[in-house]
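Hi,

Here is the structure I promised to pass on. Have a look at it first, and then read my notes below.

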Amino acid sequence: MGRKVAIVGVGMTKFVRRAQETGKELAFYATKEALNYCGMKLNQIDAVVIGSAPDTFDGVHMKGEYLLDGAGGFNKPTLRCFVGGGTGVFAVACGWYHIASGVIDSCLVVCEEKMSSYQPHPQAAFLTIFDHTTERPLKPNLLWIFALEMNRYMTTYGLKKEDIARVAVKNKRNALDHPSAQLKEEVTLEDVLNSEVLAYPVQRLDVSPVSDGACAIVMVNEYIARRVTSKPVWIEGVGWALDTAYWTNRDLAYPRYVEEAARMAYKMAGVTNPRYDIHVAEPYDPFDYKELHHMEGLLLCDRGEAPRMTADGLTERDGELPVCPSGGLLGVGNPIAAAGLMKVIEIFLQLRGEAGKRQIARKAKRGLAQAWGDLMQVGTVVVLGI
Amino acid sequence: MKVAIVGMGITPLRPLSPDLSYKELVFSAAVKAYNECGINPRKDVDTFITCAEDYNEGTSIFDEYTPDQLGGALKPNHTLTQDGLQGIIAACLQIKTGYFNIAVVEAHAKSSNILTPDGIAMCALDPIYIRPLNLSSYFIAGLEFNRFLHSSNLDPAICGEVVVKNHRNALKNPYAAFPANLTLDDYFASEVLSFPLRKLDVSEGADGACVFVLACESVADSLTKKPIWISGFGWNSGTPNLETRNWDELSYVEKAAKMAYDMAGIRNPRRELHFAEIDDTFSYKELQHLQALGIADRMEIESFLKRESYPEGSFPINPSGGSLGMGHLYEATGLLRLYSACLQLRKEAGSFQLPKSDCALVHSWRGLPTESTACVIISNKRS
Amino acid sequence: MRFLGTGLKEEDIKERKVSLTYWKADAKYTWDCGQAIGRYLSGLKEGKIIGVKCHKCGRILVPPRIFCEECFCLLSEWVELKDTGQVNTFSLCYVTWDVKRIKEPQIPAVIEIDGASPGIGIMHLLGEVKPEKVHIGMKVVAVWKEKEKREGAITDILYFKPIEK
Amino acid sequence: MKNIEIKAFAGELPVESLYTAGIAGERFFRSLKEEGTLLATYCPKCELLLLPPKIYCENCFEELREWRKVKNEGILKSYTILHIGPDGKRKEIPEIVGMIKMKDTTTVLIHRLGNVKEEELEIGMRVEAVFKPEKERKGDINDILYFQPIRKG
């Protein structure tokens with residue numbers, strides 16, 4: 001069953017609000033760094049997987065085609081995969097199946113987003129993710145669905161805003177140590193709770209910024225991995241699930257799509273008790289409550305229990321289960337697909353003990369990264385181990 | 001591990017399809033595909049792949065809307081922004097990992113719903129160096145076509161022959177949207193879009209959906225009596241940049257074909273295969289692709305086209321009518337070629353059935369302004 | 001590892017301190033509604049909310065569709081639902097879709113429609129209600145556009161308002 | 001309800017974008033605007049001279065640091081006479097578009113051709129860029145008005 005697949009190199013750009021670089025140039029920077037990380041050359045790479053979220057951000061139709069030379073895809077088998085916000089982690093699953101199939105031996109996975117191209121403000125691009133006939137005429141925005149989901153989550157489990165705001169405080173603090181971080185400011189619980197209300201219950205500091213940036217990793221089969229590094233990080237499991245598009249027919253309090261994706265990845269990884277078997281986690285945190293929501297979906301705690309774990313400090317870098325030690329999207333930034341891959345890179349660095357100031361206190365042999373997207377609909381999970 | 005096509009469904013291509021939404025179109029193709037192999041998608045399918053582009057759908061993050069009509073809700077689904085043939089390849093890769101037994105691949109087009117195809121096509125052009133020139137994307141085909149005629153020293157009439165052949169082939173294909181009995185005179189009377197490219201050189205958009213079910217070797221035989229085996233596949237991209245590409249060679253097609261031929265153990269495609277369904281988005285592309293795929297070389301292309309490429313010839317090309325005769329289905333175009341070829345291999349092509357059709361090459365191109373391509377080799381024998 | 005990338009300030013863009021090109025996409029569509037959404041919109045024009053019943057799982061669904069995504073069977077039992085329901089979740093939104101601040105919030109909500117199965121709702125707006133009075137579980141009724149102004153769109157319902165006790 | 005009165009629903013993707021020219025593009029357009037010169041980058045490994053310039057070679061993926069001025073003299077590799085406008089409608093006056101290989105470069109430029117009659121067009125003919133007057137240049141690709149034949153004498 002399936003050949004072993006490892007990550008051997010990682011690279012990323014700074015995450016910034018407006019990059020001067022074109023999307024291709026951002027992709028090149030990240031890709032070149034990833035190759036340098038493991039001392040590989042582009043001609044040693046068999047295939048390329050590109051991940052990027054909607055074309056409307058960059059303002060380029062067929063964005064996967066447009067980006068491919070910057071991503072090292074020239075003269076190579078290249079595919080661009082796409083599951084909305086879940087893309088960054090899914091792209092790793094896509095790279096995994098290239099190599100696990102035995103058809104491809106080495107593969108670049110490159111994720112890029114240049115949201116700043118969209119005018120006048122990138123958030124407006126989200127209007128067109130809604131159903132063109134039954135929803136778009138109501139002029140919805142992205143905050144609506146987050147707020148609707150957050151409200152449902154809070155109400156179902158009787159949570160208060162401060163239970164949730166702690167995530168923003170933790171992640172923004174963690175990001176102070178990340179060289180790519182877009183937001184380097186420490187905030188207090190009061191700052192979050194007093195920040196302006198955008199869409200009750202969502203306030204400004206509950207939300208990650210819009211960003212430009214790119215990330216890349218090098219994935220290889222077992223034989224190449226052993227040759228190029230003494231510390232390969234193995235893909236132990238991958239999982240993804242997409243729930244129905246009829247999101248107003250679902251209970252938003254619990255992300256069952258994340259659970260399905262996690263169960264698929266855990267099964268492949270042989271993880272039977274995720275609370276003990278997972279040592280560090282990077283769940284997707286575009287909004288602070290999402291980190292909690294996703295911890296529950298990932299079966300890292302009982303439903304409605306993630307806020308307590310956070311309040312008890314268990315998810316801090318020196319806690320039992322460090323969560324988003326990178327600083328997450330809330331701190332490092334949210335260039336959609338690149339943000340998901342940033343999480344995979346963080347787990348790679350943590351497992352290798354190369355996370356520098358961000359290195360978690362406990363010893364970690366297995367970690368996971370997870371992303372989420374679409375109409376609160378898709379879960380993508382990668383379990384990594386050494 | 002071998003992979004087989006065990007079920008397929010299609011909606012007949014039409015220039016318009018006002019009675020069905022895209023979801024309903026896909027549902028109807030999916031029901032046919034699942035019925036062919038007797039599966040229940042809610043229980044039996046392990047992974048779903050949809051090929052779609054946001055701008056062609058008019059929706060950002062279109063993958064949101066893909067699972068329900070396929071029976072894929074809450075299961076592994078993902079989108080590729082590629083031609084459906086790359087979707088087939090992704091399904092093969094997934095099955096070959098050993099973790100997936102049954103995969104579904106879907107693509108569709110509602111060309112009739114796109115009011116501004118030219119405006120949308122322009123959004124695919126480089127925003128810094130090309131798009132500000134404010135030129136319809138047809139100029140790329142015009143430049144390439146003209147360069148092709150110049151460097152191969154061919155008469156434009158040969159492209160007229162491709163147009164005539166493919167539209168005529170479509171006359172016998174009940175799924176085709178644009179069958180026609182044309183002559184070379186009709187071709188030369190057709191308006192020039194971007195010299196030397198004429199309107200009849202361009203395949204017209206149609207509406208339709210296509211769904212495939214693929215299975216691993218161990219379950220394929222239990223699902224169908226007529227499995228079609230995928231014996232090789234390859235895909236490749238050149239450069240998206242108009243400035244750096246080699247306009248005289250389609251090395252990306254050569255590379256993709258070599259990958260597929262090597263996997264299938266084919267040394268001489270013309271001798272070892274029986275026919276091909278290849279990309280003819282533009283008439284001249286069929287000729288370029290024939291050469292790059294190693295089917296006919298530059299010296300013999302004219303005689304090959306006139307003598308061998310017809311349904312009664314030694315190596316029929318696009319007996320279905322191709323995109324010119326059937327209609328262009330955007331991301332579903334490659335699936336349409338594959339569907340047509342599978343019908344031949346199953347001996348179910350009815351009035352356009354070829355006498356000799358046990359193995360074939362299927363090829364697709366991602367369209368302007370790209371250099372992305374895919375090849376799949378299929379056979380009705382396990383080999 | 002190097003972390004490359006050049007951040008620009010808002011002024012760099014606004015004052016054109018760097019080379020920029022502008023493009024407005026010409027991307028227009030008419031999406032075919034088909035059987036299910038065609039009925040839904042035609043119903044809205046008549047002041048009705050149309051759903052569909054799945055004969056297998058028994059769920060009554062809105063917006064209607066010709067397939068049950070759970071049972072994967074063809075649906076054709078169209079059902080007229082009530083134009084009342086209850087708030088499943090809501091938000092008070094001070095930002096418009098194109099990121100403009102507003103003083104009086106829009107109140108988007110998921111509204112479970114009476115006559116549909118529990119938990120089956122649609123997205124719409126609430127109106128004629130003070131923001132602080134809105135709560136999950138609140139009973140609401142559709143406020144329709146005047147008949148002659150309806151065009152067969154989700155906006156034929158202006159908003160939902162609380163049902164007076 | 002038997003009759004389906006509403007059959008289609010209209011809408012659009014409202015996308016307005018401002019694209020930065022990027023690191024290579026910024027330098028290219030600055031020199032085009034300020035000096036009326038064409039700048040290319042050189043890949044010593046692949047011996048490619050790229051115009052427009054890139055900060056990387058898509059072939060070997062090395063970072064490119066060597067910039068070279070390109071002489072305003074090129075050869076027409078292909079051309080087309082475009083009758084269709086961006087809106088898909090037929091243009092009243094067709095536009096001639098060329099594929100031009102500038103001297104010493106290993107790439108082509110795509111641009112309009114001007115000051116030339118259709119019957120003069122010939123693949124292989126020598127052409128040159130005609131720049132906008134300096135004051136009107138904005139730092140984009142339209143600072144080149146078009147390419148025209150280099151006429152002898």
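What follows is a run through the interfaces, the salt bridges, the pockets and the cavities. One thing to keep in mind throughout: this is a predicted model.

Let's start with chains A and B. The contact between them draws on 58 residues from chain A and 60 residues from chain B. Together the two chains bury about 5100 Å², and 61% of that is on carbon and sulfur atoms. How many salt bridges turn up across the interface of chain A and chain B? The rule finds zero. Polar contacts are another matter, with 26 residue pairs counted between chain A and chain B, both partners at pLDDT 80 or more. On the chain A side, the elements giving two or more residues to the surface that touches chain B are α2 (55-58), α3 (63-67), β3 (78-82), α4 (87-100), β9 (233-242) and α9 (256-269). By class, that side of chain A has 30 nonpolar, 14 polar and 14 charged residues.

Next, chains B and C. Here 38 residues of chain B are in contact with 22 residues of chain C. The buried area is about 2300 Å², with carbon and sulfur atoms giving 63%. Which residues of chain B lose the most area to chain C? They are B:Glu24, B:Phe27 and B:Asn113, and together they account for 26% of what that side buries. The rule finds two salt bridges across this interface. One to look up joins C:Glu70 and B:Arg42, whose closest N and O atoms are 3.3 Å apart. There are also 14 residue pairs in polar contact between chain B and chain C, again with both at pLDDT 80 or more. The chain B elements that put two or more residues into the side touching chain C are α1, α2 (41-44), α3 (54-57) and α5 (117-122). Of these, α1(B) gives the most, with six residues. The class split for that side of chain B is 18 nonpolar, eleven polar and nine charged residues.

On salt bridges overall, the count over all chains comes to 76. One within chain B pairs B:Lys285 with B:Glu144, the closest N and O atoms being 3.0 Å apart. This pair links distant parts of the chain: B:Lys285 sits in helix α12 (residues 283-292) and B:Glu144 in helix α6 (residues 138-152), 141 residues apart.

Now the pockets. The largest pocket has a volume of about 980 Å³. It is lined by 34 residues, and the closest to its centre are B:Pro117, B:Tyr138, B:Ser203, B:Gly205 and B:Tyr330. Which element gives the most to this lining? That is α5(B), with four residues. By class, the lining of the largest pocket has 14 nonpolar, 13 polar and seven charged residues.

The second largest pocket holds about 740 Å³ of space. Its lining counts 38 residues, with A:Gln123, A:Val207, A:Ser208, A:Pro209 and A:Val210 the closest to the centre. Two elements of chain A, α5 (142-157) and β11 (366-373), give two or more residues to that lining. The most comes from α5(A), with four residues. The lining of the second largest pocket divides into 21 nonpolar, ten polar and seven charged residues.

Last, the cavities. A search of the whole structure finds eight of 30 Å³ or more. The largest cavity has a volume of about 330 Å³. Of the 29 residues lining the largest cavity, the closest to its centre are A:Asp131, A:Thr134, A:Tyr246, B:Lys23 and C:Ile37. Elements supplying at least two residues each to this lining are α1 (22-37) of chain B together with β2 (28-32), α2 (34-45) and β9 (121-126) of chain C. By class, the lining has 18 nonpolar, five polar and six charged residues.

The second largest cavity has a volume of about 180 Å³. It has 17 lining residues, of which A:Lys24, B:Asp126, B:Tyr129, D:Pro53 and D:Lys54 are the closest to the centre. Two or more lining residues each come from α1 (23-37) of chain A and α1 (22-35) of chain D. This lining has eight nonpolar, four polar and five charged residues.

Cheers

Methods. Residues numbered from 1 in each chain as written. Chains lettered and ligands numbered in written order. Predicted model: local features only at pLDDT ≥ 70, side-chain atom pairs only at ≥ 80, totals over all residues. Heavy atoms only, no water. 1 Å grid on protein atoms, 1.4 Å probe; cavity = no way out; pocket = protein on both sides within 12 Å on 5 of 7 lines; lining within 4 Å. Points joined across faces, edges and corners; volume = space filled by probe spheres on them. Nonpolar A, V, L, I, M, F, W, Y, C, P; charged D, E, K, R; others polar. Contact = heavy atoms within 4.5 Å. Buried area = accessible area lost by both parts, 1.4 Å probe. Salt bridge = Lys/Arg side-chain N within 4 Å of Asp/Glu carboxyl O. Polar contact = N/O pair within 3.5 Å; in protein donor to acceptor, adjacent residues only side chain to side chain.
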